[in-house]
Amino acid sequence: MKKYIIAMFACCWVAFCSCSDNDKLPNIRPTDTGEYTDKRDGNTYGWVRIGDLEWMTENLKYQVDGQPYYERTYDMGTTYPLPVRSPLMDVNFEEDYQTYGNCYTWEEAKASCPDGWRLPTDKDWKNLEMALGMSARDADAEGWRGDQEATLLRQDEEGTGIRLLLGGEVVLMNINFITAFWWNYVGEYGYYWSASEVGESDLQTPSVWFRKICANTTTVYRGSVTLQRLMRVRCCRDAGK
């Protein structure tokens with residue numbers, strides 16, 4: 001009898017452990033959806049309404065000065081303009097652009113969303129996260145916060161439809177004695193600008209709030225960074241605009 005009970009317990013435990021984390025996810029759907037075509041370049045973006053905001057379902061592709069990020073040079077904190085490089089030999093920057101959208105400096109990001117849309121503020125990101133179930137206390141915290149919000153942010157049209165992507169970032173650093181703006185972490189992390197500067201910071205240079213998601217993490221990172229980098233942009237607007 002004891003062996004039978006133990007066996008039954010083991011089977012139940014295996015069944016419990018085999019349940020997908022998706023079984024615990026809340027079923028959050030947009031209250032409205034649509035499409036928007038950017039008159040500047042003809043790119044069309046889907047959008048979803050979550051809470052009081054509408055969010056594009058793709059990263060912005062608008063090209064600053066008519067060039068994608070990988071054809072330009074940048075002089076943020078450098079004595080002369082530097083190009084974007086990749087530590088990978090076979091990277092296809094054009095394919096990266098088509099899949100993950102353009103990369104922007106913070107100043108470019110603030111000015112690049114189409115008319116009627118904006119670069120999300122830190123508050124906009126918090127409102128989205130809380131609409132997906134994050135507590136106000138967690139939303140105000142720094143570091144990895146929440147529970148399953150990152151999973152919800154990455155869902156396609158069968159869920160929230162936001163489809164936040166793991167598009168990496170481009171960072172000024174030295175690799176193998178070469179100083180450049182290095183393309184990194186694509187497919188592993190997604191880095192997204194906010195429009196909000198940090199009021200008081202331990203950093204010696206101006207810093208802004210940003211968001212980060214990870215391929216293997218269900219929570220969302222909120223932190224501050226300096227401006228010597230490029231990130232992807234996801235535009236939002238007030239609902240009904």
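What is the torsion about the S-S bond of C113 and C235, and why is the disulfide left-handed? The torsion comes to about -95°, so the disulfide is left-handed. The close-ups below start from this bond in a predicted model and then move on to the sheet and the cores.

**View 1. The whole chain sets the scene for the close-ups.**
Before zooming in, here is the protein chain in outline: its secondary structure comes to 6 helices and 13 strands. It has 241 residues, and 45% of them count as buried. Take the contacts between residues at least 6 apart in sequence, and you'll find that 62% of them join residues at least 24 apart. The accessible surface comes to about 13000 Å², with 49% of that belonging to carbon and sulfur atoms.

**View 2. A disulfide joins C113 to C235.**
A disulfide is a covalent bond between the sulfur atoms of two cysteines. Searching the whole structure turns up 1 of them, and here the S to S distance is 2.2 Å. The two partners sit in distant parts of the chain, 122 residues apart. C113 belongs to the loop between α3 (106–112) and α4, while C235 belongs to the loop between β12 (229–230) and β13. Are these two cysteines buried or exposed? C113 has 10% relative accessibility, so it counts as buried. C235 is buried too, with a relative accessible area of 0%.

**View 3. C236 is in no disulfide.**
Which cysteine sulfur is nearest to that of C236? It's the sulfur of C113, 7.6 Å away. With 0% relative accessibility, C236 counts as buried. Another cysteine worth finding is C214, which also counts as buried, at 10% relative accessibility.

**View 4. Four strands make an open sheet.**
Read across the sheet and the order is β1-β2-β3-β13, with antiparallel pairing. At the edges are β1 (32–37) and β13 (236–238), each of which pairs on one side only. From one strand to the next, the twist averages 25°. Zoom in on β1 and β2 (residues 44–50): this antiparallel pair is held over 6 bridges. If you want a spot to start looking, find T33, which stands opposite V48 in β2.

**View 5. Helix α4 packs on the sheet.**
Helix α4 covers residues 122–131 and touches β2, β3 (53–56) and β13. How does the direction of α4 lie against that of β3? The two directions make about 100°.

**View 6. The largest nonpolar core has 23 residues.**
The members touching the most other members are L128, L132, L153 and I162. Which elements give two or more residues to this core? They are β2, β3, α4 and α6 (149–153), and α6 gives the most, with 3 residues.

**View 7. A closer look at L132 shows who its contacts are.**
Set aside the neighbours of L132 within four places in sequence, and its contacts are P26, I28, I50, E149, L152, L153, T160 and I162. Two of these names, L153 and I162, also appear with L132 among the core residues that touch the most other members.

**View 8. Another core lies apart from the largest one.**
This one has 20 residues. To find your way around it, look for V64, W106, V225 and M231, which are among its members.

Terms used
Residues are numbered from 1 along each chain as its sequence is written. This is a predicted model: local features need pLDDT of at least 70, side-chain atom pairs count only at pLDDT 80 or more; totals for chains, interfaces and linings use all residues. Side-chain values use heavy atoms; hydrogens and water are left out. Buried means under 20% relative accessible area, exposed over 50%, partly exposed in between (1.4 Å probe, protein chains only). Contact means heavy atoms within 4.5 Å. Accessible areas come from the Shrake-Rupley method with a 1.4 Å probe; for residues, only the protein chains shown count as cover. Two strands pair if DSSP finds at least two bridges between them. Axes are lines fitted to C-alpha atoms, for helices over the stretch in contact, and angles run from 0 to 180 degrees between N-to-C directions. A nonpolar core is a set of buried Ala, Val, Leu, Ile, Met, Phe, Trp, Tyr and Cys residues joined through side-chain atoms within 4.5 Å. A disulfide is a pair of cysteine sulfur atoms within 2.5 Å.
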